[in-house]
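Hello,

Here is the structure I promised to pass on to you. Please have a look at it first, and then read on for my notes.

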Amino acid sequence: MIYPTDRLVWLTAAGAPVALLVGVVFPQLWLLPVGWVAAVLAFAAYDAAVMPSGLTATAELPRSVNVGEAFAVRLTASGLARRREAAVTTDALLESASGGRIGFDGTTATLPLTALRRGLSRVAHLDLRWQGPLGLAWRQRRQVLDHELVVTPDIRTVRTDGVALLTREARTGLMAQLEQGQGSEFDALAEYRSGMDRRRLDWKQSARHSKLLAKEYRAERDNNIVLAFDCGRTMCEPIAGLPRLDRAITAGLLTAYISLKMGDRVSLFGFDARPRVAGAALAGVGAFAGLQRAAARLDYSAEETNYTLALSTLAARLDRRSLVMLFTDFVDSTSAELMLRSVGKLLERHVLLCIVLRDEELEGLAGANPTSPEDVSRAVVAAGLLRERAIVLTRLARLGVEVVPVGWRDAGPQVVRRYLEAKRRRL
């Protein structure tokens, strides 16, 4: 396809005022502007005729990326042309700050893209266009890419924060003990050595044996950890550009990795208006890939969350005492009230951690200095919503639910920290 450039349009349009001026001042020269337009069109026809016609381009795309990850598409064009541009057609799962269009620097170009949502993304077409030597005409060619790109849950924090958290945890109470002493299950008495935690001295046994004896503890293993994800409407609202659900999944997978490394069993449960995903409890670090695949099946939903059905179903599935980590959110007191009524049965046998992401946008609106009446209205509404949220969290805490409000930036480490605290308390 050949079409005019902006330069050709401006050059042709420039003839109109000249034609008007010449027609008024020198009527006998009225053919001169017509000749101008004809000359411009003739040059454009020449430009289109001499420009190369068989240029192609190739695109190098990854097979999979993490949600929220920025990556680059490397484009390589063949042949010579005055100016080349390319545009990549993507779906809603990917976003480009440049609108998917990029100019070539020589024969190569790098198009930045960002994965916004999980799922199977399809990069359908690559449109390549180039100009002739005079820059008056474009020639455009469409190439079919049909490239499938899998946007997976973000596990980058598992590679970075996971190792750091495990190292930090191993250093807690560092001493020459069988299980590093981070558990609470008594194992044996040992003679006190330099470096041991003095709080673990057993004074009665020390007095009986006339030497200092300290208690050694063995870390509990094979605890049952359930990661329950609310996939309802409120969890699909974005926070810092990504759905809350994806932020929660990232934190949950980091916690799952730490749990598997510490010998616990982890299962995953997802729900919205009804239970959607319910996986079996997995053990061992090798099972992390299975949890990652299960997390990829947690789909975005526009339905309201049914806490009653979801939590009662989950309670019926659990046949042993478990630590349930519920990732959810609520924006009004009605939905929160439904959750309050549903947690009672779960709390009879299990420990429930309710993880909610702090709404920094609402906090910013409530704390901003108003400069107009509209700002005052926004601040009042935001403060009201935050107050309702605080009331619900307080009521949950009174029921025995451990509420964990976290910021999205360090949600993973904070959730892991609360998991380790619960583990030390023997769930």
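Before anything else, a small one to try by eye: in which loop is Ser-210 found? Ser-210 sits in the loop between α4 (203–209) and β12 (213–218). I picked Ser-210 out for its backbone: phi is positive there, about 60 degrees, although the residue is not a glycine. Ser-210 is also exposed, with a relative accessible area of 67%. Please keep in mind throughout that this is a predicted model.

Ser-210 has company in this respect. Asp-146, not a glycine either, has a positive phi of about 50 degrees. This residue, however, belongs to a strand, β10 (residues 137–152). Is Asp-146 buried, partly exposed or exposed? With a relative accessible area of 44%, Asp-146 counts as partly exposed, since the partly exposed class runs from 20% to 50%.

Now for the overall picture. The chain contains 11 helices and 21 strands. For 427 residues, a compact globule would have a radius of gyration near 22 Å, whereas this chain has 32 Å. Along the principal axes, the C-alpha atoms fill a box of roughly 125 × 50 × 40 Å. Buried residues make up 45% of the 427 in the chain.

Among the helices, I would start with α5 (244–261). Its 18 residues reach 26 Å from the first C-alpha to the last, close to the 26 Å expected at 1.5 Å a residue. How enclosed is α5 by the rest of the structure? Largely so, because 17 of its 18 residues are buried. Just after α5 comes Gly-263, with a positive phi of about 90 degrees.

The helix α5 also leads to the second largest pocket, since α5 gives the most to its lining, with five residues. That pocket holds about 220 Å³ of space. Its lining has 18 residues, and the closest to the centre are Thr-157, Arg-247, Thr-250, Trp-408 and Arg-409. Besides α5, the helices α3 (156–171) and α11 (411–424) each supply at least two lining residues. What is the lining made of, by class? There are seven nonpolar, four polar and seven charged residues.

Two pieces of the strand architecture are worth a look as well. One is β21 (residues 402–406), which is mostly covered, with four of its five residues buried. Strand β20 (residues 351–357) pairs with β21 in the parallel sense, over five bridges. If you want a point to look for, Ile-355 has Val-404 in β21 as its bridge partner.

The other is an open sheet of four strands with antiparallel pairing, in the order β2-β4-β8-β6. Which strands form its edges? They are β2 (57–60) and β6 (94–95), each of which pairs on one side only. At the β6 end, the antiparallel pairing with strand β8 (residues 108–115) runs over two bridges. There, Leu-94 has Ala-115 in β8 as its bridge partner.

That is what I have for now. Happy browsing, and do write back with your thoughts.

Best wishes

Technical notes:
Residues are numbered from 1 along each chain as its sequence is written. This is a predicted model: local features need pLDDT of at least 70, side-chain atom pairs count only at pLDDT 80 or more; totals for chains, interfaces and linings use all residues. Side-chain values use heavy atoms; hydrogens and water are left out. On a 1 Å grid over the protein atoms alone, a cavity is a set of points where a 1.4 Å probe fits but cannot get out, and a pocket is an open set with protein on both sides within 12 Å along at least five of seven lines; lining residues have an atom within 4 Å of a point. Grid points are joined across faces, edges and corners, and a volume is the space filled by probe spheres set on the points. Ala, Val, Leu, Ile, Met, Phe, Trp, Tyr, Cys and Pro count as nonpolar, Asp, Glu, Lys and Arg as charged, and the others, Gly among them, as polar. Buried means under 20% relative accessible area, exposed over 50%, partly exposed in between (1.4 Å probe, protein chains only). Two strands pair if DSSP finds at least two bridges between them. The expected span of a helix is 1.5 Å times one less than its number of residues. The radius of gyration is taken over C-alpha atoms; the globule rule is 2.2 Å times the number of residues to the power 0.38.
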